[in-house]
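Open the model in your viewer with selection by residue number ready. Each stop below says what to select and then what is found there.

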Amino acid sequence: MGKNLKRAFLDLERREHSYRPLEERIHDFKEVEVPPSPEILRQQAERCMDCGIPFCHGTGCPLGNQIPEFNEAVANGRMEEAWNLLSSTSCFPEFTSRICPALCEGSCTCGLDFEPVTVRQIERYIVDRAFADGLVKPRPVTRRTGKTVAVVGAGPAGLAAAALLNQAGHLVTVYERDLRPGGLLRYGIPDFKLDKSIIDRRIALLEAEGVKFETGVNIGVDISGAFLKRKFDAVILATGTRQPRDLRIPGRELDGILPATVFLSEQNRLVSGEHTGDHPYSARGKRVLVIGGGDTGSDCVGTSIRQGAASVVQIEIMPSPPEKRSPSTPWPLWPYLLRTSSSHMEGCERKWNIATKAFLGKDGKVAGVRCVRTEWEFSPEGRPLKFSEKGEVFELEADLVLLAMGFTGIPESETYPEQFGLERERGRIKASPGGITSEKGVFAAGDVLSGPSLVVRAIASGRQTAEAVHAYLMKMMG
């Protein structure tokens, strides 16, 4: 690795980020992570083994980021080169370096016998330095093809597709039903994980480069799919899969039970000033129960604590994952293991092997849940396969229940797929893996194509669909 020690992975321990003091951060919605110092990050970049086959680049990162190459550049202080390498494959590293679970680190060769390289924090250092040093500038498009593209949905997939197609010379208009672009980046992920000024900064760059945004426009309601097909040469549907998975059990009609996304989006709107006043579903003084053990559930935990909840309990039907990588996910696969977020550290009781059987109420409001213990059967490698109820029934008290069990697909009430002449398949738009649908000139990208997934995969999908759209438009031009 240049002038740096090639055996640094042996001599240097992994050094991760820290968090702002707990007693400080639980009283605001500012970002909680504190990145390591530049000197520590340069040393961490030295830990990269520069292995012959970089699994972090291929197996791990959906974007194909050139991780060993930008690690080497950072280790040797060549920050502009590091930025050029990173930005050549990643549209929005300022997003992924804050919220991506770092699939690349799960497949890092160094993680076989040691601790993996802190790739996500190195990526954040690169992009933050690039903005600070003025390396990230609008790239005006000098030649236009005259072809027009409508992108429906301003989430990570739609923004990625818009960015690439605009740079290819096409005229791109992005339609978004919410008042501001960003999708779940803006309205689903709390500010303490991703400050929304980071999104605003990127949107301003895209606008300066020529991308047009039409917000507060609901395609299928305000504007028909047929109109977009007539007006534009190509249309990309990147609307996401916004239908939250519900829990239809006795007592569901009680007040105080709501999807996690509703709870989180209202808080984000309050922080941004889009809404004013009190949170309509505030956790202040309440016993909060979060059903679902994933990242969204964790976000509900941190938000509830900041709102002043009396207590927060998170339950999960699955068993607790192992402390270390499960044999069911050998390297270089993404490891199945227990993960503890900053929100969990702030005062949350986590319970596993619990199925919810009924909501309990008083005077029309939720007062608790009736639960039963679950018992799981495991594969020989230790992966949970199926469960049965053990019969031990008990109750948990709760004044606010947040359902954080993922998403199921496009809401049935939304008719835009049919307006474009498209079929649905398992709650998604039926299309090829590259985003090509059965309708000429209509494409799909992100979760609406592949199902609910990670931001980094949505960005990768947006880039892949943009390539298909570009090829289609070039063929039209002869």
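Select strand 10 (residues 311–315) and strand 11 (349–351): the two pair in the parallel sense over three bridges. Strands here are DSSP runs of E of at least two residues, helices are runs of H or I of at least four, and both are numbered from the N terminus. Two strands count as paired if DSSP finds at least two bridges between them. Within this pair, Val313 has Glu349 of strand 11 as its bridge partner.

Two notes on the source before moving on: this is a predicted model, in which local features need pLDDT of at least 70 and side-chain atom pairs count only at pLDDT 80 or more, while totals for chains, interfaces and linings use all residues. Residues are numbered from 1 along each chain as its sequence is written, and side-chain values use heavy atoms, with hydrogens and water left out.

**The parallel sheet**

Extend the selection to the five strands of this open sheet, whose order is 8-15-9-10-11 with parallel pairing. Strand 8 (257–259) and strand 11 stand at the edges with a single partner strand each, so one side of each has no neighbour in the sheet. From one strand to the next the twist averages 20 degrees. For angles such as this, axes are lines fitted to C-alpha atoms, for helices over the stretch in contact, and values run from 0 to 180 degrees between N-to-C directions.

Now pick strand 15 (400–403). Strand 8 pairs with strand 15 in the parallel sense over three bridges, and Ile257 is matched there with Val401. Strand 9 (287–291) pairs with strand 15, also in the parallel sense, over four bridges; in that pair, Val290 has Leu402 as its bridge partner.

Show the side chains of strand 15. Which way do they point? Leu400 and Leu402 point one way, Val401 and Leu403 the other way, and all are buried. Buried means under 20% relative accessible area, exposed means over 50%, and partly exposed lies in between (1.4 Å probe, protein chains only).

**Helices on the sheet**

Add helix 14 (residues 260–272), which lies across strand 8 and strand 15 and runs at about 75 degrees to strand 8. Then add helix 15 (residues 295–307), which packs on the sheet and touches strand 9, strand 10 and strand 15. The direction of helix 15 makes about 175 degrees with that of strand 10. Contact means heavy atoms within 4.5 Å.

**Loops after strands 10 and 11**

Select Trp331 and Pro332, which are joined by a cis peptide bond with omega of about 10 degrees. Pro332 is in the loop between strand 10 and strand 11. Go on to Asn353 in the loop between strand 11 and strand 12; Asn353 has a positive phi of about 60 degrees although it is not a glycine.

**The antiparallel sheet**

Next, select the open sheet of three strands, with order 12-13-14 and antiparallel pairing. Its edge strands are strand 12 (354–362) and strand 14 (384–397), each pairing on one side only. Eight bridges join strand 12 to strand 13 (residues 365–378), and Lys362 has Lys365 of strand 13 as its bridge partner.

In the loop between strand 13 and strand 14, pick Pro380. Is Pro380 buried or exposed? Pro380 is exposed, with a relative accessible area of 83%. The C-alpha atom of Pro380 is separated by 9.0 Å from that of Pro327, 53 residues apart along the chain.

**Helix 3 and its partners**

Move to helix 3 (residues 38–46) and helix 9 (residues 119–132), whose axes come within 10 Å and cross at roughly 125 degrees. The two helices are therefore oblique to each other; angles under 35 degrees count as roughly parallel, over 145 as roughly antiparallel, 65 to 115 as roughly perpendicular and the rest as oblique. To see the contact, display Pro38, Leu41, Arg42, Gln44 and Ala45 of helix 3 with Gln121, Ile122 and Tyr125 of helix 9.

Swap helix 9 for helix 5 (residues 67–75): the axes of helix 3 and helix 5 come within 8 Å and cross at roughly 135 degrees. This contact is made by Leu41, Arg42, Ala45 and Glu46 of helix 3 and Asn71, Val74 and Ala75 of helix 5.

Finish at Asp50, in the loop between helix 3 and helix 4 (55–60). Asp50 has a positive phi of about 50 degrees although it is not a glycine, and at 46% relative accessibility Asp50 counts as partly exposed.
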